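Subject: Structure handover and notes

Dear colleague,

I am passing on the structure we spoke about, and my notes follow directly below it. Please read them with the structure open beside you.

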Amino acid sequence: MPLPPPVHGSSMMCQQIRQSQRINETFRCRYVNLSTSRSNEEINHFSWRLALLKGFRFLGAFVQTFWQLLWFHPDTCYIAVTCHGLGFLKDAPFVLLCKLFRKRIVLHQHNKGMKPYVHRPVYRWLLPLVYRKASVILLSWRLYDDISEVVQHEQVRICPNGI
């Protein structure tokens, strides 16, 4: 899950999950920060140095996730996923890694914008692969139309901007 900084809606909700006494007493949890940005200035900014730094952060999170899957053996993997663009391409390998280990996947989607990507070359096969057999948490049923070409109605649960 993306954890602050940077501070935005998804990272704040993930921080609430991480700090939830109820969740941590009910489940044995391990948390991996999947965010490659460490400040708001790093979001939507490009430089070769920053791209390299984000690449190393991605690899670090990927190795840490692999390690947790290998040694901790979670039953379920919760991933706050971005549903389009570079964010999706960054999140997809984590979902696929968890699927490789045959884990139950819960994708918590805090944004919309998938619909224009559904028929684009890479996304055409990657979106269904990532979302197949995963539980998907949306903030509202109003967001379902955006993902309806990829996600079955039965896969969706609603958690209205809160835990």
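Lysine 133 sits in the loop that runs between H5 and strand E3 (135–138), and in this model, which is a predicted one, its phi is near 60°, a positive value in a residue that is not glycine. With a relative accessibility of 76%, lysine 133 counts as exposed. A second residue to look at in this respect is asparagine 44, whose phi is near 55°, again positive although the residue is not glycine. Asparagine 44 belongs to the loop between H2 and H3, and its relative accessible area of 81% makes it exposed. These two are worth pointing out because most residues other than glycine have a negative phi, and most peptide bonds are trans.

On the matter of peptide bonds, the segment before H1 contains both proline 5 and proline 6. The bond from proline 4 to proline 5 is cis, with omega near -5°, and the bond that joins proline 5 and proline 6 is cis as well, with an omega of about 0°.

Lysine 133 also appears among the contacts of glutamine 155, a residue in the loop between helix H6 (144–147) and strand E4 (156–158). Once neighbours within four places in sequence are left aside, glutamine 155 is in contact with Tyr131, Arg132, Lys133, Ala134, Ser135, Val136 and Val150. Glutamine 155 has a relative accessibility of 15% and therefore counts as buried.

Next comes the pairing of two helices. The axes of helix H4 (residues 85–100) and helix H5 (residues 121–131) come within 10 Å of each other and cross at roughly 45°, so the two helices are oblique to each other. The crossing in which H4 passes H5 is left-handed. On the H4 side the contact is made by Gly85, Leu86, Phe88, Leu89, Ala92, Val95, Leu96 and Lys99, and on the H5 side by Val122, Tyr123, Leu126, Leu127, Leu129, Val130 and Tyr131. Sorted by class, the residues in this contact are 13 nonpolar, one polar and one charged.

Leucine 127, which is found in helix H5, deserves a closer look. Its relative accessibility is 1%, so leucine 127 counts as buried. Not counting residues up to four places away in sequence, leucine 127 touches Cys83, Phe88, Met114, Tyr117, Val118 and Val150. Its C-alpha atom is separated by 12 Å from that of valine 81, a residue 46 places away along the chain.

Since cysteine 83 is one of the residues that leucine 127 touches, the cysteines can follow here. How many disulfides does a search of the whole structure find? The search finds zero. Cysteine 77 is in no disulfide, and the nearest cysteine sulfur, which belongs to cysteine 98, is 3.3 Å away, whereas a disulfide would need the two sulfur atoms within 2.5 Å. Cysteine 77 is buried, with a relative accessible area of 8%. For cysteine 83, the closest cysteine sulfur is that of cysteine 14, at 15 Å, which is too far for a bond. Cysteine 83 is buried too, at 0% relative accessibility.

Cysteine 14 leads on to helix H1 (residues 9–19), where the buried residues are Ser10, Ser11, Met13, Cys14, Gln15 and Ile17. These buried residues of H1 pack against helix H2 (21–26) and E1.

Two further residues concern helix H3 and the loop that follows it. Threonine 65 lies in helix H3 and is buried, with a relative accessible area of 9%. Apart from neighbours within four places in sequence, threonine 65 is in contact with Val32, Leu34, Phe94 and Leu97. Histidine 73, for its part, has its place in the loop between helix H3 (48–71) and strand E1 (76–81). With neighbours within four places in sequence again left aside, histidine 73 is in contact with Gln68 and Lys103. Histidine 73 and lysine 103 are 30 residues apart in sequence, while their C-alpha atoms are 8.7 Å apart in space.

With kind regards

Key: Residues numbered from 1 in each chain as written. Predicted model: local features only at pLDDT ≥ 70, side-chain atom pairs only at ≥ 80, totals over all residues. Heavy atoms only, no water. Axes fitted to C-alpha atoms, helices over the stretch in contact; angles between N-to-C directions. Helix = DSSP H or I, 4+ residues; strand = E, 2+ residues; numbered from the N terminus. Parallel < 35°, antiparallel > 145°, perpendicular 65-115°, else oblique. Left-handed = near helix turned anticlockwise from the far one by under 90°. Contact = heavy atoms within 4.5 Å. Nonpolar A, V, L, I, M, F, W, Y, C, P; charged D, E, K, R; others polar. Buried < 20%, exposed > 50% of the residue type's maximum accessible area, 1.4 Å probe, protein only.
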